[in-house]
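These notebook entries record what I looked up in the structure. I proceeded from whole-chain values to individual residues.

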Amino acid sequence: MTAADHKPYVGPRPFGRDEKDLFFGRDREARDLCSLVVAHPLVLLYAASGAGKSSLLNAGLIPLLEQRGYEVLPPARVGGRIPDAIKTTEVDNVYVFNVLSSWADPSVDPRQLVNVDIAGFLASRLHRKDAAGEPVLRVIFLDQFEELFTFAPERWHERGALIRQLAEALAGD
């Protein structure tokens, strides 16, 4: 699944990870947010739509974390399109499926993700090692998380399972 499979942004397009050299004027916010991410296992960034959260994340925070040696998975979204080859009834949790689709290598068949949980998916991914051979810390981001309340409202009962899976992954990874 690609970014094109997700709902398009309304308004200006956010900066991407590859545009960090074009992104400026938010250095202090990026450094402050980086400090929070390094110090706490869970950080919530909330602001009005269009305030630049995705740009700050993509072009500000992620490059800082990568410079410090963290393994940063691509920002994930809970909303998105289920591929036509998969019946929605086959997907255990549509929100989890979309998160995993955001992280999966493009070569992975999306059908392999329909019954996978977040902790299992992360456990199956090899951790990058530092110079001493120790696994580096992994950071995940959920962007546009408000989609949890707007995407697939008929599957509202799966929202709690997503939160539980994220908590389990945080404890286990």
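**Entry 1: burial and surface.** I began with burial in this predicted model: 39% of the 173 residues of the protein count as buried. I then took the accessible surface, which comes to about 10500 Å². Carbon and sulfur atoms account for 57% of that surface.

**Entry 2: fold outline.** I counted 6 helices and 2 strands in the protein. Read along the sequence, I noted the pattern α-α-β-α-α-β-α-α. The radius of gyration is 16 Å, close to the 16 Å that the globule rule gives for 173 residues, so the protein is as compact as a globular protein of that length. For the overall extent, I recorded that the C-alpha trace spans about 45 × 45 × 30 Å along its principal axes.

**Entry 3: contacts and charges.** I looked up how contacts are distributed in sequence, restricting the set to residues at least 6 apart. Of these contacts, 67% join residues at least 24 apart. I also located the charges: the protein has 20 positive and 24 negative ones, and their mean positions are 2 Å apart.

**Entry 4: the largest nonpolar core.** Which residues have the most contacts inside the largest nonpolar core? I found Tyr-95, Trp-103, Ile-118 and Leu-162, in a core of 25 residues. The elements that give two or more residues to this core are helix H3 (94–103), helix H4 (118–124) and helix H6 (159–172). H3 supplies the largest share, 7 residues. As background, I noted that nonpolar side chains tend to be buried together in soluble globular proteins.

**Entry 5: Trp-103.** I listed the contacts of Trp-103, not counting residues up to four places away in sequence. Trp-103 touches Leu-73, Pro-74, Ala-76, Ile-118, Phe-121, Leu-122, Arg-125 and Ile-140. Among these partners is Ile-118, which I had already recorded as one of the residues with the most contacts inside the core.

**Entry 6: another core.** Apart from the largest core, I found another one, of 16 residues. Its members include Leu-56, Leu-57, Ala-59 and Tyr-70.

**Entry 7: Ser-55.** I then turned to a residue of helix H2 (residues 53–67), namely Ser-55. Is Ser-55 buried or exposed? Its relative accessibility is 9%, under the 20% cut-off, so I entered Ser-55 as buried. Which residues is Ser-55 in contact with, leaving aside its neighbours within four places in sequence? I recorded Pro-14, Phe-15, Phe-23 and Gly-60.

Definitions and conventions
Residues numbered from 1 in each chain as written. Predicted model: local features only at pLDDT ≥ 70, side-chain atom pairs only at ≥ 80, totals over all residues. Heavy atoms only, no water. Helix = DSSP H or I, 4+ residues; strand = E, 2+ residues; numbered from the N terminus. Rg over C-alpha atoms; globule rule 2.2 N^0.38 Å. Buried < 20%, exposed > 50% of the residue type's maximum accessible area, 1.4 Å probe, protein only. Contact = heavy atoms within 4.5 Å. Areas by Shrake-Rupley, 256 points an atom, 1.4 Å probe, with all protein chains shown as cover. Lys, Arg positive; Asp, Glu negative; His and termini not counted. Charge placed at Lys NZ, Arg CZ, Asp CG, Glu CD. Core = buried A, V, L, I, M, F, W, Y, C linked by side-chain atoms within 4.5 Å.
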